[in-house]
Amino acid sequence: MNKRNPGIDLLRIFAMGMIVLHHLLSHGGLLFAFPDFSPSGLLMHLLNAFSRCAVNTYVLISGYVMVQSRFRPSRLMALWLQVVFYGAIAALCLPLMKAGVRAGADDWLNAFLPVSRNSYWFFTCYAGVFCLSPFLNLFIRHTTRRQAVVLVGTLFLLFSLLPAVTLSDPFRLGNGYHTGWLLVLYLLGACIRQHHLDSHIRQRTALAVFAVCGVLGWAYRLGALALGFEQHQEILLHYTAPTMLLCALSLLVFFRKLRLSDRSARLIALVSPLTFGIYLIHDNPLVREHLIHMRMVPISGYTPVLMLACLLGCLVGLYALCLMMEWLRARLFALLRVPGLCQRAERLLFAWTERCFPGEDA
């Protein structure tokens with residue numbers, strides 16, 4: 001029942017590439033280097049529109065995969081140690097690598113207290129979702145298909161369509177930078193997996209929805225700028241926007257139905273678990289501030305075609321470098337038996353709950 005789907009693993013790899021692209025465009029400065037209606041400006045914002053759904057996609061995958069999996073606190077423990085590791089490495093190594101960089105007390109606190117200090121907004125919100133996931137899974141497993149359809153429709157109408165139509169954020173979800181929005185995405189992914197809600201959707205239909213919604217988010221921004229509604233230009237590019245949600249859902253459907261060779265599936269299975277480390281490395285606050293912030297601006301003087309080639313080259317290079325670093329980190333943790341220690345802590349936790357609540361389900 002819990003057999004890995006190589007298409008979903010490939011989607012995780014692809015989504016992380018989209019996240020890196022978005023960060024190169026935004027943190028790297030290319031989104032702000034051109035007039036909005038210039039050819040280069042139009043191209044950069046179009047790429048950004050198609051990459052903005054990546055975070056939604058990543059959380060949908062979590063709901064899709066975890067709804068039929070056993071709750072493992074050791075996974076969150078391992079993720080937390082991974083975040084702490086990269087925070088400490090950045091605070092220790094960057095001052096040695098780059099003159100003028102200094103890691104202060106706040107940087108070290110951010111490294112060792114990533115959740116309470118909100119070092120990575122996504123990890124902080126995701127930790128909340130992970131802790132609630134066993135209860136969400138129990139709920140979804142006990143819904144009928146009809147109830148699941150109603151739930152999906154309600155979530156979409158309340159938390160995605162309503163904010164876009166009213167040009168507001170009525171439920172204070174911070175346009176998606178909030179645990180509440182990640183909970184919505186988790187439930188959507190879980191419903192799709194548990195009740196096969198995408199069984200009648202064709203891949204080409206999903207791909208068409210992705211293309212249309214991405215272009216619509218991009219075009220709406222241009223229209224808002226042209227009409228003088230700058231304050232609403234991002235309304236269809238927010239994580240909560242129906243366009244970005246439908247983009248993510250369509251990617252989930254498309255990749256889930258991919259048929260891949262056994263050789264490709266094995267390679268994908270090796271790379272997929274390493275993708276979260278790519279995010280932790282390149283979006284570390286110190287790394288972002290000193291190595292990525294506005295560093296893409298020098299290529300803004302190139303022709304659109306050459307600039308696009310350089311951007312994609314930087315994307316591939318950064319992705320590959322972070323992937324190699326994460327592979328080395330995983331080997332180091334294996335040598336230090338960190339996964340085994342996390343599993344031992346998990347067993348102690350379950351044993352403690354069993355003693356405190358004997359005869360009840362863990």
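This report covers confidence, the nonpolar core, one buried threonine and the internal spaces of a predicted model.

**Confidence**

The protein chain has an average pLDDT of 94. A score of at least 70 is reached by 98% of the residues. Helix α10 (residues 242-256) has the highest confidence, at 98. Helix α5 (residues 105-112) has the lowest, with a mean of 89.

**Core**

The largest nonpolar core holds 100 residues. Within this core, L30, F122, W181 and L311 touch the most other members. Helix α1 (residues 6-26) is the top contributor, giving 11 residues to the core. In soluble globular proteins, nonpolar side chains tend to be buried together.

F122 can be followed outward through its contacts. Leaving aside neighbours within four places in sequence, F122 is in contact with V55, Y58, V59, L182, F276 and Y279.

**A buried threonine**

T57 sits in helix α3 (residues 54-66). Is T57 buried or exposed? T57 counts as buried because its relative accessibility is 1%, and the cut-off for buried is under 20%. Beyond neighbours within four places in sequence, T57 is in contact with L11, A15, A248 and L251.

**Cavities and pocket**

The structure has 3 cavities of 30 Å³ or more. The table sets the largest cavity beside the largest pocket.

| Space | Volume | Nonpolar lining | Polar lining | Charged lining |
|---|---|---|---|---|
| Largest cavity | about 90 Å³ | 6 residues | 4 residues | 1 residue |
| Largest pocket | about 1,500 Å³ | 24 residues | 10 residues | 10 residues |

Which residues line the largest cavity? They are V83, G87, A91, D107, N110, A111, S119, Y120, N284, P285 and L286. Helices α4 (73-97), α5 and α13 (285-292) each supply at least two residues of this lining. Helix α5 is also where confidence is lowest in the protein chain.

The largest pocket has a volume of about 1,500 Å³. Its lining comprises 44 residues, and R4, R12, R75, S272 and P273 are the closest to its centre. Several helices each supply at least two residues of the pocket lining, among them α1, α3, α4 and α6 (121-141). Helices α12 (275-282), α14 (304-335) and α15 (338-356) do so too. Which helix gives the most to the pocket lining? Helix α14 does, with 7 residues.

Two helices link these sections. Helix α1 gives the most to the largest nonpolar core, and α1 also supplies at least two residues of the pocket lining. Helix α4 supplies at least two residues of the cavity lining and at least two of the pocket lining.

Terms used
Residues numbered from 1 in each chain as written. Predicted model: local features only at pLDDT ≥ 70, side-chain atom pairs only at ≥ 80, totals over all residues. Heavy atoms only, no water. Helix = DSSP H or I, 4+ residues; strand = E, 2+ residues; numbered from the N terminus. Buried < 20%, exposed > 50% of the residue type's maximum accessible area, 1.4 Å probe, protein only. Contact = heavy atoms within 4.5 Å. pLDDT = per-residue confidence, 0-100. Core = buried A, V, L, I, M, F, W, Y, C linked by side-chain atoms within 4.5 Å. 1 Å grid on protein atoms, 1.4 Å probe; cavity = no way out; pocket = protein on both sides within 12 Å on 5 of 7 lines; lining within 4 Å. Points joined across faces, edges and corners; volume = space filled by probe spheres on them. Nonpolar A, V, L, I, M, F, W, Y, C, P; charged D, E, K, R; others polar.
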